[in-house]
Amino acid sequence: MRDGLKRGEVPWPEAEAWMDRLAAEAREAVRDSPLPAEPDQDQVADFLLRARRASALAA
């Protein structure tokens, strides 16, 4: 579908229906997600620090 969209081969109503389906799927995925609404900034910063330190020590 995407390539046809780029080339203008997909009629607008079909493209719009596809976008609506994707938006509905995204809303459902967010609603059912086990992830928290916001990331734990401290945990992310700690992970990045450890990953960068391990990478620097491996070099």
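**Briefing: a three-helix predicted model**

The protein has three helices and zero strands. This is a predicted model. Read along the sequence, its elements run α-α-α. The radius of gyration is 20 Å, whereas a compact globule of 59 residues would be near 10 Å.

**Confidence**
- The mean pLDDT of the protein is 91. A score of at least 70 is reached by 95% of the residues.
- Helix 3 has the highest confidence, at 97. Helix 1 (residues 2-6) has the lowest, at a mean of 71.

**Overall dimensions and surface**
- The C-alpha trace spans about 55 × 30 × 10 Å along its principal axes.
- Of the 59 residues, 5% are buried.
- About 5500 Å² of the protein is exposed. Carbon and sulfur atoms supply 57% of that area.

**Helix 2 and Trp 12**
- Helix 2 covers residues 12-32 and includes Trp 12.
- Trp 12 counts as exposed because its relative accessibility is 55%, and the cut-off for exposed is over 50%.
- Leu 22 is ten residues from Trp 12 in sequence. Their C-alpha atoms are 15 Å apart in space.

**Helix 3 and the nonpolar patch**
- Helix 3 covers residues 41-58, and Phe 47 has its place there.
- Phe 47 has a relative accessible area of 49%, so this residue is partly exposed.
- Phe 47 joins Val 44 and Leu 48 in a nonpolar patch on the surface. Together, these residues have about 250 Å² of accessible area.

Conventions
Residues are numbered from 1 along each chain as its sequence is written. This is a predicted model: local features need pLDDT of at least 70, side-chain atom pairs count only at pLDDT 80 or more; totals for chains, interfaces and linings use all residues. Side-chain values use heavy atoms; hydrogens and water are left out. Patches are made of residues with over 30% relative accessible area and no salt bridge: like charges are joined within 9 Å, nonpolar side chains (Val, Leu, Ile, Met, Phe, Trp, Tyr) within 5 Å. Accessible areas come from the Shrake-Rupley method with a 1.4 Å probe; for residues, only the protein chains shown count as cover. A salt bridge is a side-chain nitrogen of Lys or Arg within 4 Å of a carboxyl oxygen of Asp or Glu. Helices (H or I, at least four residues) and strands (E, at least two) are DSSP runs, numbered from the N terminus. Buried means under 20% relative accessible area, exposed over 50%, partly exposed in between (1.4 Å probe, protein chains only). pLDDT is the predictor's confidence in each residue, from 0 to 100. The radius of gyration is taken over C-alpha atoms; the globule rule is 2.2 Å times the number of residues to the power 0.38.
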